[in-house]
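Please open the model in your viewer and keep the sequence beside it, since each stop on this tour asks you to select something and then look at what surrounds it.

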Amino acid sequence: MSLDINGLVKAVKQAAVEAVRAEAPMMMCHGTVTSVAPLKIMVDQKKTLEELQLILTDNVRDFNVELSTIEGAGKSLGPHYTEDEGGGSGYAEFAAHRHKYQGRKKWRVHNALKVGERVILLRCDGGQKYIVLDRWEARE
């Protein structure tokens, strides 16, 4: 009986592929945020994920983004007012004023999770890490 190395390699590769499929390396699930500092998400009555197990997307965390003006760059954008048009606070720097706005500016997007929100999770291979994809039921 001769040893067919190519056949052996092919059989080992096929066994590995079938083993990975049988293990379900990635799986969707959902959870509920039970704490935000530190972040904890309960996926069922017996399992709560801790912050170190979670990978957050921009959909569920605060992050900075840089924006730039495209249209009307260099033109006056008109007066800016505080809550009432008289300046309201009494501070001169908050009184109505005009200036040109152009270029890039950093803005903070506030997407952090809140207690009670339900989230969509993707369990990574082995179940040690979970990617928090998005919220599907938000609290006001």
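A nonpolar core, as the term is used here, is a set of buried Ala, Val, Leu, Ile, Met, Phe, Trp, Tyr and Cys residues joined through side-chain atoms within 4.5 Å. Keep in mind throughout that what you are viewing is a predicted model.

For the first stop, select V33, L39, I41, V43, L49, L54, V60, L113, V119, L121, Y130 and V132, the 12 residues that make up the largest nonpolar core. Strands β2 (39-44), β7 and β8 each supply at least two residues of this core, and β2 gives the most, with 3 residues. In soluble globular proteins, nonpolar side chains tend to be buried together.

Next, show the strands as ribbons and follow the open sheet, in which 6 strands are arranged in the order β3-β2-β1-β7-β8-β4 with mixed pairing. At its edges you will find β3 (47-50) and β4 (54-56), each of which pairs on one side only. If you turn the view, note that neighbouring strands of this sheet are turned by 45° against each other on average, direction ignored.

Now narrow the selection to β7 (residues 118-123) and β8 (residues 130-137), which run antiparallel and are joined by 6 bridges. Which residue of β8 is the bridge partner of R123? The partner is Y130, a residue you have already selected as a member of the largest nonpolar core. Leaving aside neighbours within four places in sequence, Y130 is in contact with several residues, including C29, K47, L49, L54, L121 and R123.

Stay in strand β8 and select R135, whose side chain makes a polar contact with the side chain of E117 at 3.0 Å. A polar atom of the R135 side chain also lies 3.1 Å from the backbone oxygen of A112. Beyond neighbours within four places in sequence, the contacts of R135 include N59, V60, N111, L113 and V119.

For the last stop, move to strand β5 (residues 63-68) and select N64. Is N64 buried, partly exposed or exposed? Its relative accessibility is 44%, so N64 counts as partly exposed. Not counting residues up to four places away in sequence, N64 touches K106, W107 and R108, and the side chains of N64 and R108 make a polar contact at 3.3 Å. Finally, add V109 to the selection: the C-alpha atoms of N64 and V109 are separated by 6.0 Å, although the two residues are 45 residues apart along the chain.

How values were computed:
Residues numbered from 1 in each chain as written. Predicted model: local features only at pLDDT ≥ 70, side-chain atom pairs only at ≥ 80, totals over all residues. Heavy atoms only, no water. Pairing = 2+ DSSP bridges. Helix = DSSP H or I, 4+ residues; strand = E, 2+ residues; numbered from the N terminus. Axes fitted to C-alpha atoms, helices over the stretch in contact; angles between N-to-C directions. Buried < 20%, exposed > 50% of the residue type's maximum accessible area, 1.4 Å probe, protein only. Contact = heavy atoms within 4.5 Å. Polar contact = N/O pair within 3.5 Å; in protein donor to acceptor, adjacent residues only side chain to side chain.
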